[in-house]
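Here are some notes from going through the model. Have it open while you read, since the points go from the whole chain down to a single residue.

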Amino acid sequence: MMPDSYRILDRFQTSLYKVQCTILRSAADEWAMLSASVDGTTNKADNNLTRDPDIPKGQTESHVLSRVEQDEKGLSQKSGHTAEITNIGWGESPDVIDEPLVAGLSNEDLWMLIRRFDKQVYRVKAVPDAPVQRLDLTRKDDDEFSPDKLRATLERFYTTVIVGFINCIKHIARLRSWKEPRRTAAFCTVYVLSWLLDLLVPTILGTLLALVVYPPCRSLMFPPAPIPLVNKDTGGIQKPKAGILGSDDSITGAPEKFKGEAAEQEASNLVASVACVAVGSAVGKHDQGVPDDAPLEEDVPDAMDMVANTADAQSTAHGKVPKDSHDKTRQPMKDSVMDAANVSMQVVGDITDTYEKLGNALSATAPFPQLSPRLRLVAVLGPAFLASILTPCYVFMKLSTLSIGLAFFGDPIIRRGIVYLNRRLPNWRKLVQLQNSLLKGIPTNAQLAVTLLRIGEANRSPLPPPPTSEDKVTSRPASLNQEELTLDATDEEIKQAALVKPDEHAQEVQAPPEKSHKRTLGSRIIGFFRGTTASGVESKIGIDRLRASTGCHHAKNRVGVLRDRGKRITPSGPVAFDARCKGKRGTAIIDSTKEPPLLYFTTDTPQKGDAQLENRKSESVLFTMPVTDIQEMRKLGGMGWKGKLVVGWALGGKEVVDGLLITGKEPGQSYQLTAMGTRNQLFNRLIAIDGQVWASC
C-alpha cells in the first residue's frame with residue numbers, strides 16, 4: 001500500500017507542477033507580445049494578454065491595455081492617432097451608429113456600462129502609485145459615507161448580484177421541476193452515480209472546472225431563458241409581473257428602450273420602497289391599528305411624506321419629551337447607525353466587486369485577457385479536484401470538524417499568529433484579499449468602463465455618452481427566439497405569457513382620465529404650502545442673481561442651477577461643454593492640440609471644431625489648467641439633496657442642474673463648474689484623457 005500511495009502523491013505533484021509551468025509560460029509569452037505592441041511593433045494577440053507585475057510606475061493595466069493594437073477594431077479604434085478629435089456620435093441618435101464603437105462589445109452593452117459608471121462614481125483622487133491590484137478606482141480606506149453613495153451602492157448590488165442570484169434560483173427551479181426531462185435526468189444520473197461512488201465533491205469541482213475552461217458548456221448545461229418568464233416555484237412559464245416581456249434581464253420584465261434600463265429602474269424603486277417602509281416604521285404608521293372613524297385621519301398629511309422630525313412627533317404623541325438634554329442615547333445610537341451603515345456599504349460594495357470580477361474573469365471583454373483569468377481559476381480548482389479524489393469522505397469530515405474546533409477554541413494561537421504576521425508582513429491582510437491575489441488585474445464593470453473610455457481617448461475618438469430614454473417607453477415585447485428556448489411549454493403558451501393581450505394594450509393606450517377626487521383639508525393645506533414653496537424658491541433664485549451681480553461667491557455658484565425640463569444643452573461635447581463658472585455662462589473646452597492637453601473655461605461662444613486657446617480673447621478666459629495637473633474631481637449637486645427634494649416637490653417643470661469641482665496640484669488651484677447639464681460627459685473625458693491613477697472616494 002505504501003508504494004501505491006507514494007506513486008499517487010508523485011502523480012499529483014507532477015500534475016500541479018505542469019499546471020503552474022503552463023501558467024508561467026503563458027504569462028511570459030503574452031507579456032512579450034504586449035511589450036511589442038506598446039513599442040509599436042506588430043501584435044497578433046487574440047486578447048489573451050496577461051500583465052507582468054513590472055508595469056511602468058504610475059501606470060495601471062488599464063493604461064497599458066488602452067494602447068494595445070487589436071486585430072479587430074471598433075469605430076473608435078479606426079480613426080487612428082490623428083491630431084484632431086474625431087466626433088463618432090456625440091449629439092447623434094443611436095440609430096445613426098451602425099457599427100460597434102469598441103470591438104468585442106455591442107453598443108448597448110457599452111452604453112449600459114457607461115450609464116452605470118456615471119451613477120456609481122462620484123469623486124476620484126489621483127494617487128502617485130498604482131494599487132496592488134494594478135487597476136484604477138480602488139476604494140480608499142477613508143471612504144466617506146453619504147446617502148447618495150449608499151443608494152448607488154444598493155442599486156448596483158441589485159442590478160449585479162440580486163438579478164444574477166434570482167436567475168440562479170430560477171435555473172434550479174427549472175431543474176427540480178422535471179419540465180425539461182432530458183436535462184434533469186442527466187443531472188440526476190450524474191448525481192446518483194457520484195453519490196454511490198463517494199465522488200460528490202470531485203464531481204462538483206469537475207463541473208466548475210468544465211464551466212471555467214470550456215465556455216460553450218455553460219449554455220449547454222444551463223440553457224438561457226428570460227428571467228421574468230420563469231416561475232421560481234414551479235420552474236414553468238409565468239406571466240411577467242409587468243404584464244409583458246419587454247426585457248429579459250430584469251425581474252419584472254418591464255419594457256425598456258435601451259438594454260439594462262428596466263433593471264436599473266427596478267433597483268431605484270426597490271431602494272425607494274425600502275426607504276418608505278423604514279420611514280413608516282420610524283414614525284409608527286398604523287400604530288396599534290387605526291379605527292375606521294378616526295377623526296382627521298384623512299385630512300392630515302401622511303407622516304411618511306414628512307422628512308424632518310417625524311420620529312419626534314411620534315414620541316411626543318405618546319407623552320415623551322424627545323430632547324437631547326434628556327435622552328443620552330440619541331447621539332450615540334445615531335453614531336452607531338452611521339458607522340454600521342458605512343461598514344455595510346463597504347461590505348456590499350466588496351461583494352458586488354467580487355461578483356463583477358468573477359463575471360469578467362469567466363467572460364472577459366476586450367482588451368482584457370480572456371485566457372489568463374481562467375487559468376488562474378484552474379490553478380486553484382485543479383489541485384482541489386485532484387485532492388478531493390485522493391481524500392476519502394471520512395478524512396474530509398475529520399479535517400472539517402477539526403478546523404471548526406480550532407477556529408472556536410484556538411483564539412490564543414490565532415491571535416499570536418496574527419501578531420507575528422503583522423510584524424513580519426505588515427501588508428499581509430491586503431495581499432490575501434481576492435482582489436489582490438486570485439482576482440488581481442481583473443476589472444470590475446467600472447474599471448472596465450474606464451479602460452474603454454481610455455481606448456477612445458488614445459485613438460482621439462472619445463466615446464459618445466449613452467443615450468437616455470426620457471419619453472415613456474412603449475409596451476412592446478422584447479425579441480424572443482422561441483425555437484431556442486428549452487422550457488416545457490408550447491410556442492402559443494410562451495407567446496401568450498410574453499405578449500400583452502390586445503384588450504389590455506388598448507386599455508393602456510386609451511386609459512380613461514382619472515376621476516377628480518374631492519379636495520380634502522389635507523390636500524388643500526399641501527397645495528397651499530406647495531404654492532408658497534414654489535414662490536419662495538423662485539424668489540430665492542432671483543435674490544441669488546442680484547447677490548451674484550454684487551460679487552457674492554456662493555450666490556454665483558447657484559446662478560442657472562434651475563432650468564426647464566427637456567431644454568436642449570449646447571454645446572455638448574466632445575470638445576466643448578456648456579457650463580457656468582463664477583456665475584458667468586460660457587464653455588468648458590478641452591484643447592487636445594496642446595501637450596499635455598489643456599482644460600480652460602471661456603465666456604466666448606466658440607465655433608464648431610475651434611478648441612484652441614489662442615483663438616480666445618484673454619479677458620474671456622476665466623481659468624486654464626493642464627489635464628495632467630488635475631488631482632481631484634468631485635461631482636456636486638446643484639442645490640444639495642434637500643434643495644432637490646424641495647424643487648422636485650414644488651416645481652414639477654424644473655430640474656436641478658449639477659456641477660463639477662476640479663482641484664489641481666497647486667494650492668488654491670480649484671475651479672467649480674456649475675449649471676452643467678453635460679457634467680458626466682466632461683468628467684468621463686477628464687478621467688480617461690491622461691495617465692493619472694484614480695482612487696474612488
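1. First, the overall picture. This is a predicted model, and its secondary structure comes to 21 helices and 12 strands. Of the 697 residues in the protein, 38% count as buried.

2. On the surface and the contacts: the accessible surface is about 39,600 Å², and carbon and sulfur atoms hold 58% of that. If you take the contacts with a separation of 6 or more, residues 24 or more positions apart account for 69% of them.

3. Now to helix H3, which covers residues 107–120. One helix it packs against is H15 (residues 445–458), with the axes 9 Å apart and an angle of about 115° between them. H3 and H15 are therefore roughly perpendicular to each other; the range for that label runs from 65 to 115 degrees. As for handedness, H3 passes H15 in a left-handed crossing.

4. Which residues make that contact? From H3 you have Leu110, Leu113, Ile114, Phe117 and Gln120, and from H15 the list is Asn445, Ala446, Leu448, Ala449, Val450, Leu452 and Leu453. Sorted by class, that gives 10 nonpolar and 2 polar residues, with no charged ones.

5. H3 also packs with helix H21 (residues 679–688), at an angle of about 95° and with the axes 11 Å apart. That angle makes H3 roughly perpendicular to H21. On the H3 side, Ile114, Phe117 and Asp118 do the meeting; on the H21 side, look at Asn680, Phe683, Asn684 and Ile687. The class split here is 4 nonpolar, 2 polar and 1 charged. Worth clicking on are Ile114 and Phe117, which are listed in the contact with H15 and again in the one with H21.

6. Last stop: alanine 263, which sits in helix H8 (residues 261–283). Is alanine 263 buried or exposed? Its relative accessibility is 2%, so alanine 263 counts as buried, the cut-off being under 20%.

7. What is alanine 263 in contact with, once its neighbours within four places in sequence are left aside? The list is Arg116, Tyr158, Thr159, Asp249 and Ser250. There is also a pairing to check by C-alpha position: alanine 263 and glutamate 155 are 108 residues apart in sequence, yet their C-alpha atoms are 9.2 Å apart in space.

Terms used:
Residues numbered from 1 in each chain as written. Predicted model: local features only at pLDDT ≥ 70, side-chain atom pairs only at ≥ 80, totals over all residues. Heavy atoms only, no water. Helix = DSSP H or I, 4+ residues; strand = E, 2+ residues; numbered from the N terminus. Buried < 20%, exposed > 50% of the residue type's maximum accessible area, 1.4 Å probe, protein only. Contact = heavy atoms within 4.5 Å. Areas by Shrake-Rupley, 256 points an atom, 1.4 Å probe, with all protein chains shown as cover. Axes fitted to C-alpha atoms, helices over the stretch in contact; angles between N-to-C directions. Parallel < 35°, antiparallel > 145°, perpendicular 65-115°, else oblique. Left-handed = near helix turned anticlockwise from the far one by under 90°. Nonpolar A, V, L, I, M, F, W, Y, C, P; charged D, E, K, R; others polar.
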